[in-house]
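Me: Please take a close look at one part of this model and follow it outward to whatever it touches. I would like the cut-offs stated as you go.

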Amino acid sequence: MGEMASDDMHVTGTLVWYYYICQRQVWLMAHQVNPDEDNPSIDLGRFLHEHVYEREKKEISLPGMRLDVLSEKDGRLVVGEIKKSMRGEKSARMQLLFYLDELDRAGVSAVGELRFPEQRKRERVTLDEASHTELDRARRDIFRIMYLSEPPAPEKIRYCRGCGYAELCWS
């Protein structure tokens, strides 16, 4: 399995997303074991990121973050996170809250907006004290998982079908 130098250890929005889906994926991603890039779900996600919300500023990379959409509404910065479906809504919300928290720590005030283009739904997300507490707990647990000597055992969950790591876990 992939090796990881301890100075490379940092929590990213992607790891937060995976944490709320599958902890095995956290370990695999943190150890540079990439999912199957030809997976149809990954292709659809890539297509949505490239072709939806074309008029808005897209894909801004900051340390540990890749923000999908940035806009301004009523004088406030709005960070948009695009997801192909509402299936992983909790993970999407936590990933977006992670971005808002990271920006807040850097002195940038922003609100979030989850976007699900297939369902034509948008959801406003704001950072609060409960979110800070939950993210601190998640960060600690993500680090715990990252430092395991081997990945957690595969566990059949509802997200396995269509997962880019399915072959690695179940073949």
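Reply: Phe116 belongs to strand β4, in a model that is predicted, where local features need pLDDT of at least 70, side-chain atom pairs count only at pLDDT 80 or more, and totals for chains, interfaces and linings use all residues. Residues are numbered from 1 along each chain as its sequence is written, and side-chain values use heavy atoms, without hydrogens and water.

Helices (H or I, at least four residues) and strands (E, at least two) are DSSP runs numbered from the N terminus. Phe116 has a relative accessible area of 0% and therefore counts as buried (buried is under 20%, exposed over 50%, partly exposed in between, with a 1.4 Å probe and protein chains only). The C-alpha atom of Phe116 is 5.7 Å from that of Ser85, although 31 residues separate the two along the chain.

The rest of β4, residues 110–116, is similarly covered: seven of its seven residues are buried. Ala110, Gly112, Leu114 and Phe116 point one way from the strand, while Val111, Glu113 and Arg115 point the other way. Strand β3 (residues 76–82) runs parallel to β4 and is joined to it by six bridges (strands pair if DSSP finds at least two bridges between them). In this pairing, Leu114 of β4 is the bridge partner of Glu81.

Glu113 also takes part in a salt bridge, with Arg122, at 3.0 Å between the closest N and O atoms (the criterion is a side-chain nitrogen of Lys or Arg within 4 Å of a carboxyl oxygen of Asp or Glu). Glu113 is buried, at 7% relative accessible area, whereas Arg122 is partly exposed, at 45%.

By this rule the count comes to 14 salt bridges. In another, the side chains of Glu89 and Lys121 meet at 3.7 Å, N to O. That pair links distant parts of the chain, with Glu89 in helix α4 (residues 89–105) and Lys121 in strand β5 (residues 121–125), 32 residues apart. Glu89 is buried at 18%, and Lys121 is partly exposed at 30%.

Helix α4 appears again in the salt bridge between Arg139 and Asp101, at 2.9 Å, N to O. Here Arg139 lies in helix α5 and Asp101 in helix α4, 38 residues apart. Both ends are covered: Asp101 is buried at 0%, and Arg139 counts as buried at 12%. These two residues belong to a network of salt bridges that also takes in Glu102, Arg105 and Asp136.

For the chain as a whole, there are six helices and five strands, in the order α-α-α-β-β-β-α-β-β-α-α. Buried residues make up 44% of the 171 residues.

At the surface, Lys84, Arg87, Arg158 and Arg161 form a positive patch. Patches take residues with over 30% relative accessible area and no salt bridge, joining like charges within 9 Å and nonpolar side chains (Val, Leu, Ile, Met, Phe, Trp, Tyr) within 5 Å. Arg161 lies in the loop between α5 (129–146) and α6 (166–170) and is exposed, at 74% relative accessible area, whereas Phe116 is buried at 0%.

Methods. Accessible areas come from the Shrake-Rupley method with a 1.4 Å probe; for residues, only the protein chains shown count as cover. Lys and Arg count as positive and Asp and Glu as negative; His and the chain ends are not counted. The place of a charge is taken as NZ of Lys, CZ of Arg, CG of Asp or CD of Glu.
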